[in-house]
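Biologist: I have never read a predicted protein model before, and I would like to learn how to go through its features one by one. Please give me the general idea each time, and then show me the case in front of us.

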Amino acid sequence: MDGAQSGTGPAGQVQSVARAFGLLEELAAAAVTAPDGAMQLAELASRTGLAVPTAHRLLRTLQSLGHVRQLESRAYALGPGLIGLGERATPRLAERARAALVRMEEAAQETANLAILDGDDVAYIAQVPSRHRMRMFTEVGRRVLPHASGVGKAMLATLPEARVREIVARTGLPGYTPTTLTTVDALLADLREIQHRGFSIDDGEQEVGVRCIAVAIPGAHPPAALSISGPATRMTDAIVRTAVDELIRGARSLGDPAG
C-alpha cells in the first residue's frame, strides 16, 4: 500500500515530492532505453511501487507543469519544461560554449552539440542546429548511454579504465545499430584509440546513417565534450578534418589548462 500523496518519508522527505522525482527518474531511464523514450502508466506505477491512481495524479500534475508529456499511445515521456531546468543547472558552461558552438556550425555547416556526463548518462545541454534543411540533431535535455555516442566515448576516454568498467557494469552495452560497440574489450580498445588521436568517432553507433565527431573539454567537472554531427553522406573526410580542428579549438577555449 503506497498511502497518501502528502506526508513525510524517510529522513523527513516530503513523500509526494520524492514520488514525483521517482517517476521522473524512471522516465529519464526510458528516454535512454525505450524506442520512443516513453513508458505506460501501469509500468511506471509498478516500477515506482505506487498505486496506479496515485501515479496518475502525480503524472497529471507534472504534465500540467510541462515536465511530463503524454504521447498518442497514452504513454508518458519527459517534457520540455525540464530543458530550462537542465540549462539553468549548468548555466556557465552552456553560456560560455555558445560562441564556440556557433563557430563549429559555421565551419562544418553541421549540428554542434555540448554534452556532459551526468552520473552514468550523457546529457545534452546546448546546441546550434545545422543550417541544412535535412539535419541530424539530439534535442537539448536528451540523455543517452555513453558507449554509443561520440560525446560519450570522448568523455569516457578521459576517465580511468576502472571507472569506465564500473559505468558499463551498471548501464550495460546495449546494441542500437550493427556498429554499436557491445563488449567491454571493444569499447576499451576504441577509448585507447581516441586517447591516441585526440577525438572520438561515432560511425552510426547510436543511429544508422549518422556520423559524429567529438572532443572532450580538458579539465571539465563534470566531464564534458563538444561534437559535430550530421548525415554520414555529408560528413566526408574533408568535413571531418574541419570538424576536428574546430572541436579542438572550442574544447581548448572552454577547458581548464591544468585539466
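**Strands, cores and unusual backbone angles**

Modeller: Let us start with one pair of residues, in which Ser-200 has Ala-214, a residue of E7, as its bridge partner. This is a predicted model, in which local features need pLDDT of at least 70 and side-chain atom pairs count only at pLDDT 80 or more, while totals for chains, interfaces and linings use all residues. Residues are numbered from 1 along each chain as its sequence is written, and side-chain values use heavy atoms, with hydrogens and water left out.

Biologist: How many bridges join E6 to E7, and in which sense do these strands run?

Modeller: In general, strands of a sheet pair through backbone hydrogen bonds, either parallel or antiparallel. Here E6 and E7 run antiparallel and are joined by 4 bridges, where pairing asks that DSSP find at least two bridges between two strands. The hairpin that these two strands form has 6 residues between them, and in this hairpin Gly-204 takes a positive phi near 70°.

Biologist: What is the order of the strands in the open sheet?

Modeller: Its 6 strands follow the order E5-E4-E3-E8-E7-E6, with antiparallel pairing. Strand E5 (143-144) and strand E6 (200-203) are the edge strands, each of which pairs on one side only. Elsewhere in the sheet, E3 and E8 are paired in the antiparallel sense over 6 bridges, and Ile-116 has Ala-224 of E8 as its bridge partner. Overall, the protein has 9 helices and 8 strands, both taken as DSSP runs numbered from the N terminus, with at least four residues (H or I) for a helix and at least two (E) for a strand.

Biologist: Where is Asp-203 found, and which residues does Asp-203 touch beyond those up to four places away in sequence?

Modeller: Asp-203 is part of strand E6, and beyond that stretch of sequence it touches Thr-179, Val-210 and Arg-211, a contact being heavy atoms within 4.5 Å. Asp-203 also shows how sequence and space can be compared, since 53 residues separate it from Gly-150 in sequence, whereas their C-alpha atoms are 8.5 Å apart. For the protein as a whole, among contacts with a separation of 6 or more, 56% are between residues 24 or more positions apart.

Biologist: Why does Asp-203 count as partly exposed?

Modeller: Asp-203 counts as partly exposed because its relative accessibility is 38%; with a 1.4 Å probe and protein chains only, buried means under 20% relative accessible area, exposed over 50%, and partly exposed in between. Glu-105, which lies in helix H5, has a relative accessible area of 6% and is therefore buried. Leaving out residues up to four places away, Glu-105 touches Glu-110, Ala-112, Val-128, Pro-129, Ser-130 and Arg-131. Of the 259 residues of the protein, 47% count as buried.

Biologist: Which residues touch the most other members of the largest nonpolar core?

Modeller: In soluble globular proteins, nonpolar side chains tend to be buried together. In this model the largest nonpolar core has 29 residues, and Leu-101, Leu-114, Ile-213, Ile-217, Leu-226 and Leu-247 touch the most other members; such a core is a set of buried Ala, Val, Leu, Ile, Met, Phe, Trp, Tyr and Cys residues joined through side-chain atoms within 4.5 Å. At least two residues of this core come from each of helix H5 (91-108), strand E3 (111-118), strand E4 (121-128), strand E7 (210-216), strand E8 (224-231) and helix H9 (237-254). Beyond its neighbours within four places in sequence, Leu-247 is in contact with residues including Met-104, Ile-213, Leu-226 and Ile-228. There is also a second, separate core of 23 residues, with Ala-154, Leu-159, Leu-187 and Ile-194 among them.

Biologist: What should I look for in the backbone angles?

Modeller: Most residues other than glycine have a negative phi, and most peptide bonds are trans. Arg-74, in the loop between strand E1 (68-70) and strand E2 (76-78), has a positive phi near 80°, and its relative accessibility of 54% makes it count as exposed. Gln-109, in the loop between H5 and E3, is not a glycine either and has a positive phi of about 55°; Gln-109 counts as partly exposed, at 32% relative accessibility.

Biologist: What kind of peptide bond joins His-221 and Pro-222?

Modeller: That bond is cis, with omega at about 0°, and Pro-222 has its place in the loop between E7 and E8.
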